[in-house]
Amino acid sequence: MDNKAVGENGSWNKVASREWLALALLVALVFLTYSITLTSRFGLLDDYAFLLNGITGSDATFDLLVGAGRPLNALLLDAGFAAAGSIENLALLRLVTLVGIAALASALYVFARRHGLSSATSVSIGAGVALLPSFQVYAAWAQHFTTPFAALLSLVAAYLLTPAHSAERPRVHAILLAAILLATGLLMYQPTAMFFCTAVLISVMASPQPLRDWTMSRLASAAAAFGVAMTAAFVALKIGQRLYPSGSSRYGLLNDPLGKAEWFLREPLWNALSLFTVPADNAVALACVALVCAGLLILCIRKGTRAGCFVLALSILCLLGAYLPNLATAENWASYRSIGALAASVVAVVSIVIIEPVTRYVARNGAENRRRSAHQAGMLAGLVVIVCLAMHAQKTVSHALVLPNVAEIDNVSQYLQQHANTRQISSIFVRPSAWTDSAAAPMAYDEFGLQSSIKAYYAHAIVDILRKSLDILHDATITVIEHGNPAAVPNDNATLYVDFASFASSGKYRAVRSPASSGKTIVLADISDYNWTHGIWTNPDRPAEYSFVFSKADNGMTLRQGDRIKLAHSGDRAVLKVVRFGDYTNVLVDGPPLLPADGHPAEVAVIR
């Protein structure tokens with residue numbers, strides 16, 4: 001391995017001044033990009049439920065996470081939210097998250113340099129991972145303050161087994177330590193613990209002689225550590241489900257391999273290939289696929305057929321391994337928080353097959369002064385790209401995660417204070433909001449572009465936390481009317497009606513267009529079988545997979561994530577997922593299941 005960049009003896013402590021500068025820039029990048037999460041007063045979705053549990057001493061957080069196979073995370077989150085104690089102090093948990101992201105970005109840089117990759121490639125990997133949509137979610141969501149540390153532990157675990165740590169076969173104690181570190185990461189957060197596979201991917205692709213460096217004995221050592229850790233995590237999940245059972249498909253084992261494979265290619269992998277765009281952008285994903293394929297072909301030619309095929313096969317296995325916990329379950333939900341390791345692996349592949357060859361070519365060709373000029377121009381171009389990506393990430397975090405929730409919490413606080421000072425309130429009726437009430441454009445899944453009051457227990461927790469922190473309305477009872485009729489709320493001076501829809505949509509950051517119809521309609525396909533009833537999804541085993549289906553040939557219409565539609569009986573909905581199968585398009589919308597009366601021949605109005 002070429003370890004000259006970090007000192008002849010490969011010591012992690014002997015890093016040149018320019019290496020320290022690169023590390024400082026990565027740390028600064030993380031804190032500058034996500035600074036708004038530290039200066040704003042807000043929570044995000046589960047943050048409020050976990051915070052209320054911490055304030056009241058409830059065991060609900062601990063029980064939920066133990067049931068999810070994350071007992072270590074259960075202890076840390078239970079203690080963290082109890083210590084926070086208020087919405088304002090959630091910023092301290094997000095500060096811990098940013099420290100973890102900065103440490104992970106720095107560790108990725110050092111890991112790549114230890115494997116002989118250039119500074120430019122190493123910075124690209126560290127910065128690219130830190131700016132991914134997955135990490136934007138982690139930075140804004142206080143409950144993820146342990147998430148980057150799970151990735152960091154798995155990265156260290158993988159390093160112990162790579163040729164960069166030891167040219168000899170890993171000893172038993174190294175394998176055991178790697179298994180313990182990886183298992184610890186898995187017991188914190190399974191998706192980011194799969195950075196173990198990302199690290200192996202980097203090591204294999206960076207090796208000038210992969211067949212020599214990654215022998216069968218080394219591969220067996222890595223597989224042994226991985227297998228032991230995954231077994232321990234699986235046992236923890238089964239014990240957790242035995243103690244705190246849940247009917248969620250998230251905790252059930254895979255039962256449709258072919259369907260899962262098709263879904264993986266269509267959603268998680270496609271989202272990862274879209275790199276920094278949310279929602280997934282077909283043009284970006286296709287361009288990424290083309291660049292990666294071309295780069296891998298050149299890599300295979302340069303390393304030789306046998307070594308190239310070896311690298312390609314291991315790279316594919318590592319990409320699948322980076323998403324293994326989600327591939328092994330029955331749930332099909334490609335949220336960005338679940339694809340952190342997979343997306344990071346894509347960033348690593350792009351950096352190694354595109355940036356590394358260019359920097360090597362520049363370093364080895366031309367006169368000294370020309371090489372210096374080309375190096376400086378490349379560094380400047382790289383910095384410009386990173387700054388642009390950071391600005392894009394900052395804008396997304398601000399407008400799609402932070403500000404809608406800041407507007408909501410500020411509006412509700414003012415409303416409660418105003419009425420508590422002028423009326424004697426004995427009852428509080430709370431009506432949660434919906435996706436269509438967002439102060440930002442709905443973008444993807446249950447993460448970007450929505451406020452936190454979309455579920456009953458979140459809305460209830462927000463009101464309860466605010467009245468405790470404001471020291472008002474202590475004796476008032478809180479009742480949630482999730483799908484009830486607001487007219488049923490008593491109209492008297494002792495009753496306070498908190499309609500979250502009005503608070504969420506009153507922010508100035510709203511990007512959803514007005515509900516005026518575009519004049520275009522969709523007629524649902526007249527399909528009735530086990531899954532569909534006149535075009536309405538009615539599969540009892542997977543009720544939340546789709547909502548309706550229509551034929552492109554009959555309607556000439558297309559839908560995108562974030563579009564708004566109006567159904568005859570189920571009202572306004574936001575489009576969450578669009579999947580095309582030939583001439584048919586399956587659509588998932590927010591809210592409860594659609595009513596049978598919305599099926600064919602009823603029309604669906606498209607509200608852009």
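**Exercise 1. Locate Pro279 in the chain and describe the peptide bond that precedes this residue.**

Solution. Pro279 lies in the loop between α16 (268–273) and α17 (282–303). The model is a predicted one. The peptide bond leading from Val278 to Pro279 is cis, and its omega is near -5°. A second case can be treated in the same manner: the bond from His600 to Pro601 is cis, with omega near 10°. Pro601 is placed in the loop between β10 (584–589) and β11 (603–607).

**Exercise 2. Give an overall account of the chain: its elements, its burial and its contacts.**

Solution. Begin with the elements: the chain has 24 helices and 11 strands. Next, consider burial: of the 608 residues in the chain, 54% are buried. The accessible surface amounts to about 25,700 Å², and carbon and sulfur atoms contribute 61% of this surface. Finally, turn to contacts: among those in the chain with a separation of 6 or more, 78% are between residues 24 or more positions apart.

**Exercise 3. Determine the strand order of the open sheet of 3 strands, and state how its strands pair.**

Solution. Step one is the order, which is β2-β1-β3, with parallel pairing. Step two identifies the edges: β2 (477–480) and β3 each pair on one side only. The twist from one strand to the next averages 20°.

Step three examines each pairing. Strand β1 (residues 427–431) is joined to β3 by 5 bridges, and the two run parallel; here Arg431 has Asp499 of β3 as its bridge partner. The parallel pairing of β1 and β2 extends over 4 bridges, and Val430 has Val480 of β2 as its bridge partner.

Step four adds a helix. Helix α22 (residues 456–470) lies across β1, β2 and β3 and runs at about 160° to β2.

**Exercise 4. Explain why strand β3 is described as largely enclosed by the rest of the structure.**

Solution. A residue counts as buried when its relative accessible area is under 20%. In β3 (residues 495–499), 4 of the 5 residues are buried, and therefore the strand is largely enclosed by the rest of the structure.

**Exercise 5. Characterise the aromatic pair formed by Trp263 and Tyr323.**

Solution. The structure holds 14 aromatic pairs. A pair of aromatic rings is described by the distance of the centres and the angle of the planes. For Trp263 and Tyr323, the centres are 6.1 Å apart and the planes make an angle of 35°, so the pair is tilted, as angles under 30 degrees count as stacked and those over 60 as edge-to-face.

Next, place the partners in the chain. Trp263 belongs to helix α15 (residues 257–266), while Tyr323 is in the loop between α18 (305–321) and α19 (324–327); the pair links distant parts of the chain, 60 residues apart. Trp263 counts as buried because its relative accessibility is 2%, and Tyr323 counts as buried at 0%.

Other aromatic residues may be added. Phe50, Phe81 and Phe145 form one aromatic cluster. The charged end of Arg94 sits over the ring of Phe42, 3.9 Å from its centre.

**Exercise 6. For Leu45 and Leu473, report phi, the place in the chain, and whether each residue is buried or exposed.**

Solution. Leu45, although not a glycine, has a positive phi of about 50°. Leu45 is in the loop between α2 (36–39) and α3 (46–56), and its relative accessibility of 4% means that this residue counts as buried.

Leu473 likewise has a positive phi, near 55°. Leu473 is in the loop between α22 and β2, and counts as buried because its relative accessibility is 12%.

Terms used:
Residues are numbered from 1 along each chain as its sequence is written. This is a predicted model: local features need pLDDT of at least 70, side-chain atom pairs count only at pLDDT 80 or more; totals for chains, interfaces and linings use all residues. Side-chain values use heavy atoms; hydrogens and water are left out. Buried means under 20% relative accessible area, exposed over 50%, partly exposed in between (1.4 Å probe, protein chains only). Two strands pair if DSSP finds at least two bridges between them. Rings of Phe, Tyr and Trp (its six-membered ring) pair if their centres lie within 6.5 Å; planes under 30 degrees apart count as stacked, over 60 as edge-to-face and the rest as tilted. A charge sits over a ring if NZ of Lys or CZ of Arg is within 6 Å of the ring centre and within 35 degrees of the ring normal. Axes are lines fitted to C-alpha atoms, for helices over the stretch in contact, and angles run from 0 to 180 degrees between N-to-C directions. Contact means heavy atoms within 4.5 Å. Accessible areas come from the Shrake-Rupley method with a 1.4 Å probe; for residues, only the protein chains shown count as cover.
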